[in-house]
Amino acid sequence: MRGLFVTGTGTEVGKTVVAAAVARTLAGSGERVAVFKPAVSGLDDYAGGEELPDHELLRTAAGSSQSDDEIAPYRYGPPISPHLAAELAGEEIDPARLREAARVAAEGADVLVCEGVGGFLVPLTLGYLVRDFARDMGLPIGIAAGAGLGTINHTLLTIESVRAVGLEVAGVVLTPWPSQPEDLERSNREAIARLGRVRVEVLPHLDLTAPDTWPSLDLV
Ligand SMILES: Nc1ncnc2c1ncn2[C@@H]1O[C@H](COP(=O)(O)OP(=O)(O)OP(=O)(O)O)[C@@H](O)[C@H]1O
Ligand SMILES: [Mg+2]
């Protein structure tokens, strides 16, 4: 399976934006792109708003015709960890079902872009973390991270956690990257590249309603 698994240094750090930009770039060069997200929670927060939930933004960016179920087999209302959201819904996330759904998603496409949930060690069940699913997928890992204070530590911890299970880090993406970066952001970028021995890309602030205006982000 060819593609990218996008994790992040935590929740709300830009994973969806990064995964969407990568998917858009691939689609723009003529590839058939499938997207996947093992679990989406917090759908209650989107009700009636203009912002798209993760699986919908990913689908639009990729130009994919996958259904909600094909992209994100487990979807929950409350904005909480997927293992707890599943428990409150009276079920448990089934790793075998996730692996099968990801395989089916990839089958119809040239390349698969998968977004994780929260940070890399978030539980899908108490015995199966996002990292375990990423390892089962075996795709190179993209890491979304903030550009500001605190990002060096969070990013290096995530890189260690990825490499500890033998997965490859395709690159770190600092997002949103300010239009006029200060010494802090430039220094963060250099420190992460050097200490993490990793490629570091940056993503400017995007208009999420206009994928045609996005710069390309080539991580696959
Ligand atoms: N480059 C960017 N351009 C525009 N908005 C951005 C950018 N990077 C991050 N954001 C904003 O930061 C917030 C978090 O981004 P995003 O939804 O991608 O995070 P996430 O890590 O996928 O969150 P979750 O853990 O809920 O899946 C969003 O409101 C998003 O619009
Ligand atoms: Mg997201």
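## Thr-16 and the magnesium ion

Thr-16 is buried, because its relative accessible area is 11% and the cut-off for buried is under 20%. The model is predicted. Asp-54 counts as buried too, at 15% relative accessibility.

Both residues hold the same kind of role at a metal site. Thr-16 (OG1), Asp-54 (OD) and Glu-115 (OE) are the protein donors of the magnesium ion (ligand 2). They lie 2.0 to 2.2 Å from the ion. Along the sequence, the spacing of these donor residues reads T-x37-D-x60-E. Thr-16 sits in helix H1 (residues 15-28), and Asp-54 sits in helix H2 (residues 54-62). The two are 38 residues apart, so this pair links distant parts of the chain.

## The largest pocket

The largest pocket has a volume of about 890 Å³. Its lining is made of 35 residues. Which of them lie nearest its centre? They are Glu-12, Thr-16, Tyr-46, Glu-51 and Asp-54. Two of these names, Thr-16 and Asp-54, are also donors of the magnesium ion (ligand 2).

H1, strand E3 (39-40), H2 and strand E9 (169-177) each give two or more residues to this lining. H1 provides the largest share, three residues. By type, the lining residues of the largest pocket divide into 17 nonpolar, 10 polar and eight charged.

## The second largest pocket

The second largest pocket has a volume of about 190 Å³. It is lined by 13 residues. Closest to its centre are Ala-34, Ser-64, Gln-66, Gly-108 and Ala-109.

Strand E2 (33-36) and helix H5 (95-107) each supply at least two residues of this lining. Six lining residues of the second largest pocket are nonpolar, five are polar and two are charged.

## Helix H5

H5 has 13 residues. From its first C-alpha to its last, H5 reaches 18 Å. That is close to the 18 Å expected at 1.5 Å a residue.

Which residues of H5 are buried? They are Leu-98, Ala-101, Ala-102, Ala-105 and Ala-106. Seen down the axis of H5, these buried residues fall within an arc of 135°, so they line one face of the helix. A general rule helps here. An α-helix has 3.6 residues a turn, so residues three or four places apart point the same way.

Conventions
Residues numbered from 1 in each chain as written. Chains lettered and ligands numbered in written order. Predicted model: local features only at pLDDT ≥ 70, side-chain atom pairs only at ≥ 80, totals over all residues. Heavy atoms only, no water. Donors = N, O, S within 2.8 Å, 3.2 Å for Na, K, Ca; no water. Helix = DSSP H or I, 4+ residues; strand = E, 2+ residues; numbered from the N terminus. Buried < 20%, exposed > 50% of the residue type's maximum accessible area, 1.4 Å probe, protein only. 1 Å grid on protein atoms, 1.4 Å probe; cavity = no way out; pocket = protein on both sides within 12 Å on 5 of 7 lines; lining within 4 Å. Points joined across faces, edges and corners; volume = space filled by probe spheres on them. Nonpolar A, V, L, I, M, F, W, Y, C, P; charged D, E, K, R; others polar. Expected span 1.5 Å × (residues − 1). Arc of directions from axis to C-beta.
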